[in-house]
Amino acid sequence: MDLIVCHTTADFDTLGSAVGLSCLLPGGRIVLPGGTHPAVKSFLALHRDEYPLIERRAVTLAMVRSITLVDCHQRSRLGAAMVWVEYAIANQLSITVYDHHTESAPDIPGTHHIESVGATTTLVVEALKQSDIRISPTQATVMALGIHGDTGSLAFAQTTPRDAYALAWLMQQGAHQQTIAEAVEPGLSSLLQVLLSTALD
């Protein structure tokens, strides 16, 4: 099984990135190993069945073929999922990391796609565009939520033109604006996002 693993207390950027990667990795399964932000929890209560999510308890080590980590490159943010990463390292399985946090060096080996953009979802959108992969409106919606969430709807200082281009592409793919408007939270600064994640953990 190709696992797409989110960090603990997953936000919309984590979920959006994971959904996009499931399009790049057909058959890949998304695991939320340690809860979600409240807004993501409310969103998934309505839309969970539309994405290839599986429960953590459904994964056994023998099933793991590869691991793709999203929005995270530090062991400390993986919680119980770290056992899968350790298994992959020990058995020389493929590990790929997508992240937009560049303040610290990754402490997980593998192929790294880590760039300074406003949202990890932007990197995944660029990979989808490069591979000429089309996505459904449902997939585009949650990915657009990822960019909105981590860029404050393109208002945060760390937002780049790449984020805006990625969001425009998702709109072209049919991202549902009303769903986005209902789900997106008032923007928090990057410091408050970190504090919220720490508090929820």
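Here are some questions and answers on a predicted model, covering its sheet, one helix residue and two loop residues.

Q: In what order do the six strands of the open sheet stand?
A: Start with the pairing, which is parallel in this open sheet. Strand E1 (residues 2-6) runs parallel to E4, with five bridges joining them. E4 (residues 66-70) is in turn joined to E5 by five bridges, and E5 goes on to E6 (residues 111-114) through four. Put the whole sheet together and the order reads E3-E2-E1-E4-E5-E6.

Q: Which strands stand at the edges of the sheet?
A: The order of the open sheet is E3-E2-E1-E4-E5-E6. An edge strand here has a single partner strand, so one side of it is left without a neighbour in the sheet. The two that fit are E3 (53-54) and E6.

Q: How many residues of E4 are buried?
A: Take the two faces of E4 in turn. On one side sit Ser66, Thr68 and Val70, and these are buried. On the other side Ile67 and Leu69 are buried as well, so both faces are covered because each of these residues falls under 20% relative accessible area. That makes the count for E4 five of its five residues.

Q: Which residue in E5 is the bridge partner of valine 70?
A: Valine 70 belongs to the buried set on one side of E4. E4 and E5 run parallel and are joined by five bridges; elsewhere along this pair, isoleucine 67 stands opposite isoleucine 95. For valine 70, the partner is tyrosine 98.

Q: What is the handedness of the β-α-β unit made by E4, helix H3 and E5?
A: The two strands of the unit, E4 and E5, run parallel. Helix H3 (residues 82-90) makes up the unit along with them. The E5 end of it (residues 94-99) is mostly covered, with five of its six residues buried. As for the handedness, the unit is right-handed.

Q: Which residue in E6 is the bridge partner of aspartate 99?
A: E5 covers residues 94-99, and it runs parallel to E6. Four bridges join the two strands. In E6, aspartate 99 pairs with isoleucine 114.

Q: Is serine 17 buried or exposed?
A: Serine 17 lies in helix H1 (residues 12-24). Beyond its neighbours within four places in sequence, serine 17 is in contact with Val70, Thr120, Thr121 and Val124. Its relative accessible area is 0%, and the cut-off is under 20%, so serine 17 counts as buried.

Q: Why does aspartate 132 count as exposed?
A: Aspartate 132 is found in the loop between helix H4 (120-130) and helix H5 (137-151). Its phi is near 55°, a positive value in a residue other than glycine. The label comes from the accessibility: exposed means over 50%, and aspartate 132 clears that because its relative accessibility is 56%.

Q: What is the relative accessible area of leucine 154?
A: Leucine 154 sits in the loop between H5 and helix H6 (161-172), and its phi, near 75°, is another positive value in a residue other than glycine. Leucine 154 is partly exposed, so its value lies between the 20% and 50% cut-offs. The relative accessible area is 34%.

Definitions and conventions: Residues numbered from 1 in each chain as written. Predicted model: local features only at pLDDT ≥ 70, side-chain atom pairs only at ≥ 80, totals over all residues. Heavy atoms only, no water. Buried < 20%, exposed > 50% of the residue type's maximum accessible area, 1.4 Å probe, protein only. Pairing = 2+ DSSP bridges. Right-handed = clockwise from strand over helix to strand, strands pointing away. Contact = heavy atoms within 4.5 Å.
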